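Visitor: Could you walk me through this one? I'd like to start with the overall picture and then get into the sheet and the cores.

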Amino acid sequence: MVELTITELRKKLDSKEISAAELTQAYLDRIDAVDGKLESYITVTPEKALAAAEKAQKSIDEGNATPLCGIPMAIKDNICTEGVLTTASSRMLENFIPPYNATVMEKLDNAGAVTLGKVSMDEFAMGGSTQTSYFKKTKNPFDLSRVPGGSSGGSAAAVGADLCAAALGSDTGGSIRQPAAFCGVTGLKPTYGRVSRYGLIAFASSLDQIGPVARSAEDCALILNTIAGYDFHDGTVSKLPVPDFTEKIGMDMKGIKIGVVSDFFAEGVDDEVRQSVLSAIDSYKAMGAEIIECSMPSLKYAIAAYYLISSAEASSNLARYDGIKYGHRADVAGSYSDLIVASRSEGFGDEVKRRILLGNYALSSGYYDAYYGKAMGLKQKIREEYAHIFEKCDLIITPTAPTVAYGTNENIDDPKKMYQADFCTVTVNIASLPAISTPCGYNKDGMPIGMSVVGKMWDESLVIGAADAFEKNFARQGAKL
Amino acid sequence: MSVSDYIPVIGLEIHSELLTKSKVFCTCSAEFGGEKNTRCCPVCSGLPGTLPIINQTAVEYAIKAGYALGCEISKFSVWDRKNYFYPDLPKAYQISELYYPICLEGAVPIEYEENGEKKTKTIRINHIHLEEDAGKLVHDDLNGVSLCDYNRCGVPLVEIVTEPDMRSPEEARTLVETIALLLQYAGVSDCKMEEGSIRADVNISLMPKGATEFGTRAEIKNVNSLKSIYRTIEYEIKRQAQILDRGGKVIQETRRFDANKGETKSMRTKEDAHDYKYFPDPDILQVNLRDEDLERIKASLPEMPKERTAKYIGMGIPEKEAKIIVSDKLISDFFEDTLKAYNNPKSLVNFINGEIMRRINLGEIDMTAPAFDAVNVAKLVEMSDTEKVSKNDAKEIFREMAEKGGNPEEIAKNRGMLIVTDTSKVLEVIESVIAANEKAVNQYKSGDVKVFGFLMGQCSKSLRGAATPKVIKEELEKKLASL
């Protein structure tokens, strides 16, 4: 039963075919059995999980079960959980136990969801492989010699390997969608401002967004229904009314206008990936959707703009880690600056340091206009180009990543190549748009390929509905682990 | 050349904490003091994952400060991060407004005396921006550790940046005093220097008389009293004049003032100045104000010193007295309260500027928490005016009120100071005084009116508490005329 969707588990729980505790125990057993190889969980909290399952069972017995009641979930380790270690996969936060819950955790707890534990990621969400984690360098459930993607690699791998029913991830430049594609699961990045970021350890504040990783678009909708909405603690959350995101599940694709932006299929995209996504677009056409050719001239600058903006914000967001109030503190006696230099040198990994340096450089006086200023200009340009496309299209379909999951020892030493691989996903964050990645095929080695469905701001329902329409006709393969 | 051959050019950055109940980006209390680290939360102590939420009252107070200082209010302001490492700054950045501050150009008129001459001047305000305060470091030299207290982290501050329009320490001191008063009247800051709720960075340079180009300036950080501001400037004028006299060059640098030694000392030069890497804070939406918001805030501004002074002058209070009252908001508010109970502004002002001020200056009265209240002071002044107590006794009664509070009528009664006029007794006493002082009476009758005072005194002595001087005088005159 660990491989079932939330919708299927709901039926079993509500019909008392299984109890919430049995379901939770089944996942805990599977974590015990499998996670030694997969290395997705940094922290497993069995007692808390079973206690939450007992509580959920009461609601179920009383007939008060919400859609997530009793559903066991994994939480990315950059989302603060009161009383439970939250590391962001960094040595810097090796001992950080938050005294408060992220808003999404409050919402999940109130809904009766069961938290199994905290899953690995790239350090501070910087990376696309989960290999920059100080703690668990998670593997791909389809092939343990390959990466699960990142930064939410632990979330996607845990869902893909049936170590949870669903997970929360965070997405700054593709960090939910790309690992979902690599691990053969569905991942949704909501519109910026849809979900509270309060309690999400910040990487790049203007781009970060929490979202679900699950086994179907419908499951993503159920989770988004629970975590979305206005929050007093986050001034960037929209006050717009939150719809029922399952409203377009089972929709008819007839007449829906799908944009195909040629720039996303250009050089650098693997042939098998390109073919798979194009054939998915064909099946939408067969469902009655209208396909519209579009272009995005600024796409070639997107990576530069993204890495400047995100690193600039990160350099400031990560400045608070001085090892004094919490976190890794170097064992040096000396001045304040000696202490923080040593603590930060030891506490941060190479990739994080690289971004801090890049970000500080981009914001330095004398360079600000040439780098940060220019990147902000490009952000505006990219938003305008999306707006232009959405004047004639309802959705856009792109590959989620130019390749399938690569080997754990590839790309790591070539940051530029690694950054370039994000070109399919970053513009969605730059333009604050919602996007979902869902599997659309498998390559000759049996590795999953993901496509992304991108929508207008606040139009998650349509994005979810379209992904669901495809999923209904697609034979998804499970990982054989 | 000597000091007097140079013209000092002075600009100030005045920081004033706002009086909001809660902090600017979280709901913690913004009150001064408290046990260390009890007025902080995950947000103001900068824990990972936390986000700032704007306190709208702080924004309104900053706008009120702007109106009080004659500023133009910007309908659009943007929060920036000022990045630097310091242990009292838990996020390692201060949220401030660099590029688009909330208040733009303003002007503050000042009045001061120089060599006995009354002078007036207008100091231009460059802008006012809103920002958060940092925490405090407590150094424990005994154990060789420094500890952080985050209670002050996130208390809202306005930074008022002036143009370099001041030319003497007196002008600078007067400006700070004037601004403090305006902010107090606007109800946005208590401007208590001793609690650090107002402090200034002083920018100063010298130029030779007749020159038009400003010299190189030094910035003296965090000067926290009116006296220190004056002394800092005096010291810097001397220091910079000496350098220039020797043909040297003043270095652009940041200095600090040592109040014990009365000197400024270099902290850092321009070369190692911080690069704060300002950029717009992505966690906070820009502030957009509508005309109706600004109109509402402007309309909510209380009576300001200028209006009050004019009002008092209109009541017949001499300008000098009116200005004395207005120059202390606590006193002026107290006066307003007494007026409600006894509508005789002139006598109230005489009593307040006389007796009450005297005791304040002696340190006997703390106007932030006086033992007496306005209604009872009004009653006392009225009793004195209607001669229910003598002027001297009124002062004595007030001495007791200043110490223990109380009702002046009861005090007067208990201490036998209440005057109850008994006409038959007055006539009786007058009869006996006339009988006992035949020589004086005859002198008076023969035209020596000076002797009336003596007779009056004799009567008063015997009539203490039984009649007002006015009644005694009238009756005595009547009696003498009838002889």
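Visitor: How many helices and strands are there in chain B?
Guide: This is a predicted model, where local features need pLDDT of at least 70, side-chain atom pairs count only at pLDDT 80 or more, and totals for chains, interfaces and linings use all residues. Residues are numbered from 1 along each chain as its sequence is written, with chains lettered from A and ligands numbered from 1 in the order written. Helices (H or I, at least four residues) and strands (E, at least two) are DSSP runs numbered from the N terminus. On that basis, chain B has 15 helices and 15 strands.

Visitor: What radius of gyration does chain B have?
Guide: The C-alpha atoms of chain B fill a box of roughly 95 × 55 × 55 Å along the principal axes. The radius is taken over C-alpha atoms, and the globule rule is 2.2 Å times the number of residues to the power 0.38. A compact globule of 483 residues would come out near 23 Å, but chain B has 30 Å.

Visitor: Which strands stand at the edges of the open sheet in chain B?
Guide: Strands pair if DSSP finds at least two bridges between them. The eight-strand order is β5-β6-β9-β1-β10-β11-β12-β13 in chain B, with mixed pairing. The strands at the edges have a single partner each, so one side of each is left without a neighbour in the sheet: they are β5 (106-114) and β13 (263-269) of chain B.

Visitor: Which residue stands opposite B:Glu219?
Guide: Look at β11 (residues 218-223) and β12 (residues 253-258) of chain B, which run parallel and are joined by four bridges. The partner in β12(B) is B:Thr254.

Visitor: At about what angle to β10(B) does helix α3 of chain B run?
Guide: Axes are lines fitted to C-alpha atoms, for helices over the stretch in contact (C-beta atoms, placed from the backbone, within 7 Å). Angles run from 0 to 180 degrees between N-to-C directions. Helix α3 (residues 226-245) of chain B lies across β1, β10, β11, β12 and β13 of chain B, and its angle to β10(B) is about 25°.

Visitor: How many residues has the largest nonpolar core?
Guide: Such a core is a set of buried Ala, Val, Leu, Ile, Met, Phe, Trp, Tyr and Cys residues joined through C-beta atoms within 7 Å; buried means 20 or more other C-beta atoms within 10 Å of a residue's own. Those with the most contacts inside it include A:Met73, A:Ala167 and B:Ala62. Its size is 228 residues.

How values were computed
Contact = placed C-beta atoms within 7 Å. Buried ≥ 20, exposed ≤ 12 C-beta atoms within 10 Å, placed from the backbone.
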